[in-house]
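Trainee: I am new to this structure and should like to go through it by question and answer. May we begin?

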2 protein chains.
Amino acid sequence: MPMEQGHLSQRKFRRHEHLAHRGELQDHVLHLEEGWASRYCVLPDGRRQITALFLPGDYCEPQWLLSGKAELPILALTPVKARAIPLAGVHARPGDTVMKLLGGVLQNHDRQTAWIVSLGRKTALERVAGLLVELFERLQATGKVDDNRCTIPLTQQDIADVVGLTPVHVNRVLGDLRNRGLVRLSGKILHLPYPQALGAAASSSSERPVDPDAQRTAWPAGKAA
Amino acid sequence: MPMEQGHLSQRKFRRHEHLAHRGELQDHVLHLEEGWASRYCVLPDGRRQITALFLPGDYCEPQWLLSGKAELPILALTPVKARAIPLAGVHARPGDTVMKLLGGVLQNHDRQTAWIVSLGRKTALERVAGLLVELFERLQATGKVDDNRCTIPLTQQDIADVVGLTPVHVNRVLGDLRNRGLVRLSGKILHLPYPQALGAAASSSSERPVDPDAQRTAWPAGKAA
DNA sequence: CGAGGTGTTGATCCTGGTCAAGTACCGTGG
DNA sequence: CCACGGTACTTGACCAGGATCAACACCTCG
C-alpha cells in the first residue's frame, strides 16, 4: 500500500540509527532533507570503513532503483529527516525522477573512483585535505557555506573511517593543517580560509617534488590503431 | 557515421594502447571479447592507481550509456578484441541491452565499494589475496578456470597499481602466499590449490585475532524508530 | 556529579616504502 | 650461434609514515 508522495512519506532517524540494514530489500529511495548518513562496512575483527557519505539534498542510495536492495548498512551520523520515494511509483511512471536517480548513481560511482585513488596512492595529509574540500564543495553546491564556513558533524573517528586512518593520526594531521593555516576546525564548524590552497594540498602534497619524468615507461599514448 | 552492429563493429587494440582517453566523449560502449583492460589515474607526480579491471565478457564502461564520456583513460593491458556497441542505437531502441548495461554499472559500483574497504582497512596480504580470488572468481564465472588454474596477464607492477602497494612489496607478499602454499603463480598462470583458504586470508588475516568485542560503541542496531 | 564520548599529546613499534643490486627472460639482430 | 638491450622479477638493507599503546583534558548530558 504505497502512500502518496506527500508529506506523509517523511521519515526521521536518530543519531546512530540505521536507515537500512545489510542485505535488506528496499522498496524506496530516501531523499535527505536534514542530517548526514554514511554507508559503512565492518570487517569480522572490527575494522570499520565508511564507503559513502550522504549529505542533505542527496539521494540515499539511488542504485536501489536498480538493485532493490541495500548491500551495506546505512547509518545516521546525526539526526536525519528524509523523504521516502517509493520505487513502485517510479517504475510505474518513469519520469524526471529516474534521470535524477541515475545521475546520482553516476555521481556516486565517480566519487568512489576518486576515493580509490586517494586510499591507494595518497598520503594521510592529502586524504584528509581531500575529504575536507570535497565536503566543503558539496555543501557549497547546496548553499550551506557562508563566509568559507560550514558545519561538519563528523567525529574524528568518523573521518578516520572515511580516509582509512587511525583517529589518533587524523588528529595529528588536522593539527598540521591547522598549523599551516589551511584549516580551522573548532567544534563542528569548519573554516577554510583558502579553499584553493587546501585543494592544492589534496592533489599532491607541495613537498613531493613533481617528478617531471614521472612516466615509468613512456607509453607514447598517441599510437591509435 | 555509425556502422551497423554486425561484425564490422569489431575493434582491436594493442597492448598499452588506449581504448579511451581522459575526458573523451564516447558514443559507444565496448564489449570485451578477448584481452584485459584497465581504468587508471595518474597523479601529477607520477603515482598511479588502477581503479577498474575489465576482463573478457565485461562491458567496458557501461556508465558511458549515462554519461557519454570517459572520466578516466582506459588502457589495454594485453592485446584486446572488442565489439563496439553504439549508444545511439541503444537509446533509440532501448531493449535488453540497457538492462545489461545498467546491471554492469551496478556491479562495478559494488566492486568499487569493496575495493574502498580493502584499500582503507586491509593489510597488504589481504589485499593481494583478495585481488587474486576476485579475478579467479570472475574468470571462473566465464568458464576460464580449469583445474583451479587460470591466466592472469597482470604484471606485478599492474597488481601494485590495483592494490595500492609497491611492486617490490607485491613481490614479497606473493612470495609469502607461495610459501604458505595458497598461491602458485608462475609466468602468467595462476594456480589456487585452495581457493577457499585464500578467500579466508583475504577477509581478515588468520593471525589477526577476531576480536569478539569489536564494537567500539555498542550501537544496539535494533532500535528502529 | 559522574560517566562516557571525544579530542590531544607523547613514546614506541611495525608495516610497507625506498634505494640498490642482481637475476632471469625474453625477442632482436649481429 | 651468441651478444645485446629491455622488461620483468627477486632479494637485501635501511628508512619512514602511520599504527599502537597509554595517559590525560574536555565537555556534554544524564
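Mentor: We may begin with a term: a polar contact is a pair of N or O atoms within 3.5 Å. Please keep in mind that this is a predicted model.

Trainee: How far does a polar side-chain atom of A:Arg15 lie from a phosphate oxygen of DNA strand C?

Mentor: A:Arg15 is among the residues that come nearest to DNA strand C, together with A:Gln156, A:Arg172, B:Ala124 and B:His169. A pair of N or O atoms must lie within 3.5 Å to be a polar contact. The polar side-chain atom of A:Arg15 and the phosphate oxygen of DNA strand C are separated by 2.6 Å.

Trainee: Which residue places a polar backbone atom 2.9 Å from a phosphate oxygen of DNA strand C?

Mentor: Both chains hold residues with polar atoms beside the phosphates of this strand. From chain B, a polar side-chain atom of B:Thr166 is 3.3 Å from a phosphate oxygen of DNA strand C. In the case asked about, the backbone atom at 2.9 Å belongs to A:Gln156.

Trainee: Which helix gives the most to the surface near DNA strand C?

Mentor: The surface near DNA strand C is made up of four nonpolar, eight polar and five charged residues. H6 of chain A and H6 of chain B each supply at least two residues of that surface. The most, four residues, is given by H6(A).

Trainee: What percentage of the atoms of DNA strand D that come within 4 Å of the protein do sugar and phosphate account for?

Mentor: There are 16 residues around DNA strand D, and those that come nearest are A:Ala124, A:His169, B:Arg15, B:Gln156 and B:Asn171. Of the atoms of DNA strand D that come within 4 Å of the protein, the part that sugar and phosphate account for is 69%.

Trainee: How far is a phosphate oxygen of DNA strand D from a polar backbone atom of A:Ala124?

Mentor: Side chains also take part at this strand. An N or O atom in the side chain of B:Arg15 is 2.9 Å from a phosphate oxygen of DNA strand D, and a polar side-chain atom of A:Thr166 is 3.2 Å from a phosphate oxygen of DNA strand D. For the polar backbone atom of A:Ala124, the distance to a phosphate oxygen of DNA strand D is 2.8 Å.

Trainee: Which helix supplies the largest share of the surface near DNA strand D?

Mentor: By class, that surface near DNA strand D holds four nonpolar, seven polar and five charged residues. Helix H6 (167-179) of chain A and helix H6 (167-179) of chain B each contribute at least two residues. The largest share, four residues, comes from H6(B).

Trainee: Let us turn to the salt bridges. Are B:Arg47 and B:Asp45 buried or exposed?

Mentor: Over all chains, a search of the whole structure finds 26 salt bridges. The side chains of B:Arg47 and B:Asp45 form one, with 3.0 Å from N to O. B:Arg47 and B:Asp45 are both buried.

Trainee: Why does A:Glu71 count as partly exposed?

Mentor: A:Glu71 forms a salt bridge with A:Lys69, at 3.8 Å from N to O. Its partner A:Lys69 counts as partly exposed because its relative accessibility is 32%. A:Glu71 counts as partly exposed because its relative accessibility is 40%.

Trainee: Which residues are linked with A:Asp58 in a network of salt bridges?

Mentor: A salt bridge joins a side-chain nitrogen of Lys or Arg to a carboxyl oxygen of Asp or Glu within 4 Å. In the network of salt bridges, A:Asp58 is linked with A:Arg111, A:Glu134 and A:Arg138.

Definitions and conventions: Residues are numbered from 1 along each chain as its sequence is written. Chains are lettered from A and ligands numbered from 1 in the order in which they are written. This is a predicted model: local features need pLDDT of at least 70, side-chain atom pairs count only at pLDDT 80 or more; totals for chains, interfaces and linings use all residues. Side-chain values use heavy atoms; hydrogens and water are left out. A residue is near a molecule or strand if one of its heavy atoms lies within 4 Å of it. A polar contact is a pair of N or O atoms within 3.5 Å; within protein, one must be able to donate a hydrogen and the other to accept it, and residues adjacent in sequence count only if both atoms are side-chain atoms. Ala, Val, Leu, Ile, Met, Phe, Trp, Tyr, Cys and Pro count as nonpolar, Asp, Glu, Lys and Arg as charged, and the others, Gly among them, as polar. Buried means under 20% relative accessible area, exposed over 50%, partly exposed in between (1.4 Å probe, protein chains only).
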